[in-house]
Amino acid sequence: MPVHQITDPDDDRIADYRALTDVELRTRWEPPHGLFIAEGELVLRRALRAGYPARSYLVDAKRVDQLADLDTGDAPVYAATQDVLQQATGFHVHRGVLASFHRRPLPTAAEVLAAARRVLILEDVNNHTNLGAIFRGAAALGIDAVLLSPSCADPLYRRSVRVSMGEVFAMPYAKLDPWPTGLDQVRDAGFTVLAMTPAPDAVPIQRLTPAQRERAALLLGAEGPGLTAAAQAASDVRVVIPMRRGVDSLNVAAAAAVAFWELGRDDPPFDGA
């Protein structure tokens, strides 16, 4: 595996990795250029297993051996000291391994729905940490696919990918547009749209009927504001996780995980596949 040493943080060969902590800059740069950044060896390897083609690798010079078994193909491997890495990226790369990957075309919402039995729909979820945690919970707890309103954050942003531990690569996802009338497409595909809300008149989630659970499309909104009135009006059933001790709600990622588990509690035993 040939390794190219980088000594200048402004070297154009590592332009993909510049200013990784600038969220506004990265969200303007990455999708239009068809790339995303993976941080850490585990996440990098999961991206490769999921079939994302690498553009390049950037590693701490002391950790080059971690990638020795990879077939890097035409993607160059760059190595630099921690000081150069920090100057280029804007943060201490303590995991020591970064990679730039090509994005793949997103499937359509119809394609995602056709292959799923239970889906998650997110409206205006713009916190990348929450988004990554939600994807990780969805992958672990029986959700088959994710649909995103047009204003949701990018699941392939570095922080989302890292928090999900690379599980964003395992979950099919698509944009649902127009919003919220696109929910009609979900319903037409045979799903019951379940809108999560802390409203006291909502149906406790554990009391959903078997028919409502059969092909569930769980709809969640952003931390704080929750679902818009329009999204709730476009749903079939408003559901709530009952709370105790005066707590009115959970973090959106925590609420999602509870709801995922509840919807899948009668699934056949997990077979490890």
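How much space lies in the largest pocket? About 450 Å³, and the views below start there. This is a predicted model, where local features need pLDDT of at least 70, side-chain atom pairs count only at pLDDT 80 or more, and totals for chains, interfaces and linings use all residues. Residues are numbered from 1 along each chain as its sequence is written, and side-chain values use heavy atoms, with hydrogens and water left out.

**View 1. The largest pocket and its lining.** A pocket here is an open set of points on a 1 Å grid over the protein atoms alone, where a 1.4 Å probe fits and protein lies on both sides within 12 Å along at least five of seven lines; lining residues have an atom within 4 Å of a point. The volume is the space filled by probe spheres set on the points, which are joined across faces, edges and corners. There are 22 lining residues, and the closest to the pocket centre are Met196, Thr197, Pro198, Ser249 and Leu250. By class, the lining splits into 14 nonpolar, six polar and two charged residues. For that tally, Ala, Val, Leu, Ile, Met, Phe, Trp, Tyr, Cys and Pro are nonpolar, Asp, Glu, Lys and Arg are charged, and the others, Gly among them, are polar.

**View 2. The five-stranded sheet.** Strands (E, at least two residues) and helices (H or I, at least four) are DSSP runs numbered from the N terminus, and two strands pair if DSSP finds at least two bridges between them. This open sheet has mixed pairing and runs β1-β4-β3-β5-β2. At its edges sit β1 (3–5) and β2 (35–39), each paired on one side only. Neighbouring strands are turned by 25° against each other on average, direction ignored. β2 and β5 (residues 97–102) run antiparallel, joined by five bridges, with Leu35 opposite His102 in β5.

**View 3. Helices on the five-stranded sheet.** Contact means heavy atoms within 4.5 Å; angles run from 0 to 180 degrees between N-to-C directions, with axes fitted to C-alpha atoms, for helices over the stretch in contact. Helix α1 (residues 23–33) packs on the sheet by touching β2 and β3 (54–60), and its direction makes about 115° with that of β2. Helix α3 (residues 82–89) touches β3, β4 (77–80) and β5, at about 130° to the direction of β3.

**View 4. A salt bridge and a positive phi.** A salt bridge puts a side-chain nitrogen of Lys or Arg within 4 Å of a carboxyl oxygen of Asp or Glu, and the structure holds 19 of them. In one, Arg55 meets Asp16, with the closest N and O atoms 2.7 Å apart. The two are 39 residues apart: Arg55 is in strand β3, Asp16 in the loop between β1 and α1. Ala19 is also placed in the loop between β1 and α1, and has a positive phi of about 55° despite not being a glycine.

**View 5. The seven-stranded sheet.** With parallel pairing, this open sheet runs β8-β7-β6-β11-β9-β12-β10. β8 (173–175) and β10 (203–204) are the edges, each with a single partner strand, so one side of each has no neighbour in the sheet. Two bridges pair β10 with β12 (residues 237–240), and Val203 has Val239 as its bridge partner in β12. Helix α10 (residues 252–263) packs on the sheet, touching β6 (119–122), β9 (192–196) and β11 (216–220), at about 165° to the direction of β11.

**View 6. Cis peptide bonds after β8.** The bond joining Asp177 and Pro178 is cis, with omega about 5°. From Trp179 to Pro180 the bond is cis too, with omega near 0°. Pro178 lies in the loop between β8 and α7 (183–188), and so does Pro180.
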